[in-house]
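Got the viewer open? Here's a short walk through it, one selection at a time.

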Amino acid sequence: METVPANNLTLPITSNETAKFTAYSSAVHKVVVIINTVILGLLQLMSQQSSVFETHKAAFLCFCVFVFFYSVLRVREAIDVRLRPGLLPRLVGHASHLFGCLAALVLVSVVCAAFSIVLFLLWFLWLSTVVYSNFSEIMIYLKASNSSTGLPQLSPV
Amino acid sequence: METVPANNLTLPITSNETAKFTAYSSAVHKVVVIINTVILGLLQLMSQQSSVFETHKAAFLCFCVFVFFYSVLRVREAIDVRLRPGLLPRLVGHASHLFGCLAALVLVSVVCAAFSIVLFLLWFLWLSTVVYSNFSEIMIYLKASNSSTGLPQLSPV
Amino acid sequence: METVPANNLTLPITSNETAKFTAYSSAVHKVVVIINTVILGLLQLMSQQSSVFETHKAAFLCFCVFVFFYSVLRVREAIDVRLRPGLLPRLVGHASHLFGCLAALVLVSVVCAAFSIVLFLLWFLWLSTVVYSNFSEIMIYLKASNSSTGLPQLSPV
Amino acid sequence: METVPANNLTLPITSNETAKFTAYSSAVHKVVVIINTVILGLLQLMSQQSSVFETHKAAFLCFCVFVFFYSVLRVREAIDVRLRPGLLPRLVGHASHLFGCLAALVLVSVVCAAFSIVLFLLWFLWLSTVVYSNFSEIMIYLKASNSSTGLPQLSPV
Amino acid sequence: METVPANNLTLPITSNETAKFTAYSSAVHKVVVIINTVILGLLQLMSQQSSVFETHKAAFLCFCVFVFFYSVLRVREAIDVRLRPGLLPRLVGHASHLFGCLAALVLVSVVCAAFSIVLFLLWFLWLSTVVYSNFSEIMIYLKASNSSTGLPQLSPV
């Protein structure tokens with residue numbers, strides 16, 4: 001693995017890769033907002049007869065915190081994508097998606113706890129995939145920078 | 001049918017065909033989101049006096065599951081359309097539309113069961129059309145690849 | 001009127017005409033969705049104290065049917081505009097707008113019956129205008145095709 | 001008025017001016033829709049305990065009428081901007097904005113009457129500014145067309 | 001610092017800088033609208049059993065005032081960005097973001113007072129950062145205009 005070709009290293013910094021991640025990220029952001037809105041609508045149906053807000057106050061506070069992190073990371077991603085494309089905005093974008101889904105998960109857990117556990121396992125699988133794929137990319141970078149120090153544009157991460 | 005011309009085969013992979021499917025798909029996605037939102041609004045009108053959430057808990061769980069499949073397939077379609085145009089993102093897109101409509105159907109069945117049965121038959125008709133048209137395209141592909149093995153770029157499906 | 005010039009006939013098929021209708025149509029679609037959402041919000045205000053859903057069940061069923069027709073025609077229009085520009089997608093688009101407004105009218109009739117009658121007369125005036133203008137265009141086509149049979153591209157309608 | 005020069009009249013019809021007004025107009029339309037939605041959401045909070053719809057039936061009827069005028073003028077503006085740029089679509093656009101804000105003002109008056117009076121004065125100030133600036137433009141047009149026929153670039157105030 | 005190079009001064013007026021700020025600003029505006037809508041939805045859950053509107057009338061009036069300032073500044077920013085790029089539309093845009101977040105903060109304070117205090121400190125940190133970064137840019141401008149008076153295009157601020 002010491003002989004990593006140069007085109008493999010510069011691939012995540014090409015504008016084509018950036019455009020593809022932007023398209024993927026905006027699709028995920030749209031879906032996250034729609035799902036959170038739909039589950040809030042479902043909760044309004046549920047709360048007509050019972051005081052769902054009082055009994056799940058901690059869950060709604062968690063939801064607020066996750067939505068806050070999601071918003072900050074989403075704005076950060078929007079700034080970084082144009083400013084300095086590379087690995088960093090992608091990591092920020094993935095973190096933003098994961099926090100947005102976590103917020104939706106908290107709302108689902110209020111509607112139906114059993115279903116939210118299944119979704120949480122899928123969420124954890126997604127987290128593992130994202131961490132693994134980005135970690136392996138960073139490893140390739142580091143190894144390449146250790147073995148061959150003739151690559152000047154190794155700025156991101 | 002053994003003498004399928006080459007331009008017939010490469011037609012679903014042309015960028016023109018892809019752009020057309022993308023326009024169609026985004027129109028359907030927009031309509032699916034609007035319809036689901038409108039029916040959730042109708043349900044909020046309905047649930048003011050009766051505990052509609054308790055009596056239809058199974059329906060709302062089905063709705064959550066369908067919305068989950070719809071979201072996953074929609075994101076998958078957004079990734080695939082750019083990455084590798086062909087039959088696969090179209091199949092994923094059609095599956096996403098069908099799951100989104102199924103979620104709306106479940107909500108309609110809570111509002112008015114008789115109307116949802118009529119809509120379900122129309123949904124089944126739509127499913128049949130999509131399956132038939134894509135199945136016949138795949139058949140043409142397979143026959144063409146059997147009769148003439150000189151086509152190297154038969155990657156999708 | 002037998003000597004209709006050729007540029008008069010091909011005018012509704014030019015891409016300029018199509019782009020203009022697309023801009024008009026998307027503005028109407030946006031307004032239709034906003035109005036339906038706003039009136040649903042008003043109805044939620046109204047239904048807090050009285051069981052508005054039970055007393056107007058027929059109206060809400062009509063609303064669902066009209067929204068269904070609106071959605072199908074809107075998707076149909078989105079497919080046709082790119083595939084074969086001409087009179088047909090414009091007729092489908094106008095029908096979609098009229099069904100969307102009819103759905104809003106049904107909701108308004110629940111809020112205030114007298115106001116909805118005034119709006120229905122305006123809706124009928126709009127319907128007449130659309131039918132008249134498109135009917136006269138079709139007449140010009142047919143007369144031109146009868147008098148001079150040398151026009152091969154008279155496919156739409 | 002018989003010898004109106006062509007280049008004098010066509011200056012406010014330049015595409016740069018039109019693009020600037022379109023950007024401004026779409027920003028105002030977006031804000032108008034957001035504000036109306038937000039105040040409807042506030043009203044739903046308010047109406048949980050009191051029958052706000054029965055006591056303010058006239059206000060909600062006014063709101064419906066204003067939203068109707070807003071919609072018609074907005075569609076009219078969308079048609080005119082492309083068809084014949086100039087003063088007319090700008091007047092229609094300004095009227096549309098003013099009706100949309102008036103609709104929001106009626107809703108605010110239900111939430112808090114004192115605050116709506118302050119806003120109404122600001123709305124009146126805005127109306128005066130729009131009327132004054134457009135009236136002076138029309139005056140300059142008329143004077144230029146009456147007195148002198150040699151003004152090449154009559155920059156529109 | 002008297003020898004500020006010319007490219008440092010003209011940097012905030014370049015179209016590249018303007019495009020970057022526009023992308024950042026639209027991301028923040030989108031997030032502000034989503035957060036305000038989501039917290040209004042949460043408040044509707046909360047207000048089902050208690051008269052939240054009566055006990056927090058002052059908070060909702062503050063919210064209306066902040067949303068009003070947010071709207072006016074957002075429209076002002078949309079006008080200025082195209083008309084005269086420079087420091088002024090950026091200041092207006094930052095003020096608009098801060099007012100929009102303040103409106104969301106007021107709503108959060110109704111849901112959970114302790115969480116809103118933490119967010120308010122973060123909001124204050126953001127305000128300080130914006131004020132500091134823009135103030136230092138203005139200082140550079142003023143010093144440059146004092147030391148070297150040969151820069152004619154120092155129009156913004």
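## Stop 1: chains C and D

Start by selecting chain C together with chain D: 23 residues of chain C and 25 residues of chain D make up the contact. Keep in mind as you click around that you're looking at a predicted model. Between them, chain C and chain D bury about 2,200 Å², with 80% of that area on carbon and sulfur atoms.

Now pick out C:Leu42, C:Leu45 and C:Phe115 and show their side chains. These three residues supply 26% of the area that chain C buries against chain D, more than any other three residues.

Which elements should you colour on this side of chain C? Two helices of chain C give two or more residues to the side that touches chain D: helix H2 (15-46) and helix H6 (113-147). If you colour just one, go for H2(C), which gives the most to that side, with 16 residues. Try colouring the side by residue type as well: it divides into 17 nonpolar residues, four polar and two charged.

How many salt bridges turn up across the interface of chain C and chain D? The rule finds zero. Switch to polar contacts and the count of residue pairs across the interface of chain C and chain D, both at pLDDT 80 or more, is zero as well.

## Stop 2: lay chain C on chain D

Next, superpose the two chains. A turn of 72° and a shift of 0.0 Å along the axis lays chain C on chain D with an RMSD of 0.2 Å. Now mark the interface residues on each copy. Just 13% of the interface residues of chain C are also interface residues in chain D, so the copies meet through different surfaces.

## Stop 3: chains A and B

Move on to chain B and chain A, where the contact takes 25 residues from chain B and 23 residues from chain A. About 2,200 Å² is buried between chain B and chain A, 80% of it on carbon and sulfur atoms.

This time, look from the chain B side. Select helix H2 (15-46) and helix H4 (57-83) of chain B, the elements that give two or more residues to the side that touches chain A. H4(B) has the largest share of that side, 15 residues. By residue type, the side of chain B that touches chain A divides into 15 nonpolar, seven polar and three charged.

With those charged residues on show, what does the salt-bridge rule find across the interface of chain B and chain A? Zero salt bridges. Residue pairs in polar contact between chain B and chain A, both at pLDDT 80 or more, also come to zero.

Superpose this pair too. Chain B can be laid on chain A by a turn of 72° and a shift of 0.0 Å along the axis, with an RMSD of 0.0 Å. That's the relation of a five-fold axis. The copies use different surfaces here, with 12% of the contact residues of chain B recurring in chain A.

## Stop 4: chain A by itself

Finally, hide everything but chain A and switch to cartoon. What's in the fold? Chain A has six helices and zero strands, and along the sequence the pattern reads α-α-α-α-α-α.

Colour by accessibility next: of the 157 residues of chain A, 46% count as buried. Then turn on contacts within the chain. Of those in chain A with a separation of 6 or more, 75% come from residues 24 or more positions apart.

Conventions. Residues numbered from 1 in each chain as written. Chains lettered and ligands numbered in written order. Predicted model: local features only at pLDDT ≥ 70, side-chain atom pairs only at ≥ 80, totals over all residues. Heavy atoms only, no water. Contact = heavy atoms within 4.5 Å. Buried area = accessible area lost by both parts, 1.4 Å probe. Salt bridge = Lys/Arg side-chain N within 4 Å of Asp/Glu carboxyl O. Polar contact = N/O pair within 3.5 Å; in protein donor to acceptor, adjacent residues only side chain to side chain. Helix = DSSP H or I, 4+ residues; strand = E, 2+ residues; numbered from the N terminus. Nonpolar A, V, L, I, M, F, W, Y, C, P; charged D, E, K, R; others polar. Least-squares fit on C-alpha atoms with pLDDT ≥ 70 in both. Buried < 20%, exposed > 50% of the residue type's maximum accessible area, 1.4 Å probe, protein only.
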